[in-house]
Amino acid sequence: MEKLILKVEDLYYIYGNGKSALDGVSVDIYEGEKIAVLGSNGSGKSTFFLNVDGVLTPEHGKIIYRGTVINKKNLKELRKNIGIVFQDADNQIIASTVMAEVAFGPMNLKLPKEEVVKRVEEALTYMNISDFKDRPPHYLSGGEKKRVSIADIIAMKSEIIIFDEPTAALDPLNAIMLEEVLIKLGSEGKTMLISTHDVDFAYRWAERVIVFCEGKIIADGEPLEIFQNKEVLKQANLKQPTMLEIYEALVEKHLLEDTKAYPKSTQEFKKILEK
Amino acid sequence: MEKIIILCAIFLMAVFLFKWKHRSEYTQRDGTYHHKHKFGHKHGEGSSIDFYAYASKIRHWNATFKVSLSVLTLILCIVFDNPYVSVVVIIAMAYLTVVKGELSAYGYLSILTIPIVFILLGTFTIAIDFSKQPIGQYNLYLGFCYVFTSEAKLKTVVFLILKVFAAISALQMMTLSTPSSEIIYVLRKAHVPKLIVELMSLIYRYIFILMDVYTKMKNSAESRLGYCDFKTSCYTFGSIASNMLVVSLKKANAYYDAMEARCYDGDLIFLEEDKKVETIQIVAAAAFIIFIILLWGFTR
């Protein structure tokens, strides 16, 4: 059994205009999990992330990080250990050079300067952007900005990394790069939460899927189990992953033997066909 | 004295022409096509100055060194009020920017056109005067009054132009070789109040974001015929302006969230790296300053 890292209990959040965004959300997150958070626009995913990171204060509800209940005093501890890569990199990048930008988080952690420089260099190499560390962010392309915003969080060495719709506004090549980074981070045992509308990606990558709908979690479990649950998919306005749909169609027409070996990617699918 | 100034001006022109020709030959040999800019400044020049600063070959020089050299030169220029000093400064700064910084002479001149226009407009009124009587060394009858001037006055104006131009080129050397973030860093080291320095760095970053948002809005309005006639243009401009306000408020919120998520707690601190200043640079700068002072001493 893996260790519980973050426990969210009965979280309620109401926006200033009286619209309730989170309506009693409870979830347990274990170390090293790869979680895809699905749900239509306005279903409360981003609000949930901001609450979990302590940026927004919930109406009521508890956030427990490694056994400590988070209150105003140890909020910083929570922010230090949970990093968010925001959807729009332009809303995150604040400094006027890439180097200073990536160093912003570590500097706020009040680390010694040598340590900051070391971490920044590491993060830049990790994201393969060492070449433009002196460049200002306004001369970077969208994909490069995204990489910078990920390097921001890597430099902070947080245990949990939250990606808010990372694949939005990326070209296919950058999306592949992003997936590689995600796999690499996953192999290093980071806990990751990713909100996405790309069900194929969620099906391929995630170990666990959480589905939000109107501020509530309506489903939480293995990707396969969730994506086979037509009820949930309909409620959350999601479609089935293409791979799964094709597999099921083929099985239904008796073109394939039903071995319950659900392929997650085209490569896996090809292997099944070759048999 | 005038002869020397004229000589210097000719020399300056020759340097520029040489660089220019050299460049065009180079381009032809290379076979690459460079954009043919129209002479003079284009709109959005602000960002091109910023771009030149990043492209400059003397960018890696220590920022404090560059800023102090340029400010010291500026002060000396104004304090000495000496045409020789001014000419030397103009040439030296052009040399630093164009030859050392490898900014094209073309780009340099086109950036300088903005201040030159202002200087000429400003000094023109000093050179001439109006009168009912035909007085002064030179006068011109305009039908109802005389415009007159004198040699001494013209001389003052030329010296004034030289002084202002030298001061501007000293500052231009700084802006064309040092990115704003580094200038802000120097100011921080010079103990300029934190509030101002933080505001400067934020404003610098957001100017580009605002411009970006504005361009996007303008383009989308244009694609929907938002600028088809004068009345519509005014209306569109107003809508964009009000929309920008809303967007900037929203962006400010999003930014604050993003900063808080990264442990921001009231102090904007950025990592700044010190670049080494080479001895030869200091020696050269000191020699230059001493030369200026000596020049002033001998020609006073």
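## Helix H4 of chain A

Let's start with the length check on H4(A), the helix covering residues 113–126 of chain A in this predicted model. With 14 residues at 1.5 Å a residue, H4(A) should span 20 Å, and its end C-alpha atoms do sit 20 Å apart, so expectation and model agree.

Just past the helix comes Asn128(A), with a positive phi near 60°.

## Two sides of H4(A)

Which residues of H4(A) are buried? The list is Val116(A), Arg119(A), Val120(A), Ala123(A) and Leu124(A). Looking down the helix axis, these buried residues fall within an arc of 130°, so they line one face of H4(A). The general background is handy here: an α-helix has 3.6 residues a turn, so residues three or four places apart point the same way.

What does the buried set pack against? Its partners are two helices of chain A: H3 (98–108) and H5 (142–156). Flip to the other side of H4(A) and you find Glu114(A), Glu115(A) and Thr125(A), which are exposed.

## Over to chain B

Chain B has 10 helices and three strands. Reading from the N terminus, the order is α-α-α-α-α-β-β-β-α-α-α-α-α, with the three strands falling between two runs of helices.

How much of chain B is buried? Of its 300 residues, 22% are. As for contacts in chain B with a separation of 6 or more, 73% of them link residues 24 or more positions apart.

Notes. Residues are numbered from 1 along each chain as its sequence is written. Chains are lettered from A and ligands numbered from 1 in the order in which they are written. This is a predicted model: local features need pLDDT of at least 70, side-chain atom pairs count only at pLDDT 80 or more; totals for chains, interfaces and linings use all residues. Helices (H or I, at least four residues) and strands (E, at least two) are DSSP runs, numbered from the N terminus. A residue is buried if 20 or more other C-beta atoms lie within 10 Å of its own, exposed if 12 or fewer, and partly exposed in between; C-beta atoms are placed from the backbone. Two residues are in contact if their C-beta atoms, placed from the backbone, lie within 7 Å. The expected span of a helix is 1.5 Å times one less than its number of residues. The arc is that of the directions from the helix axis to the C-beta atoms.
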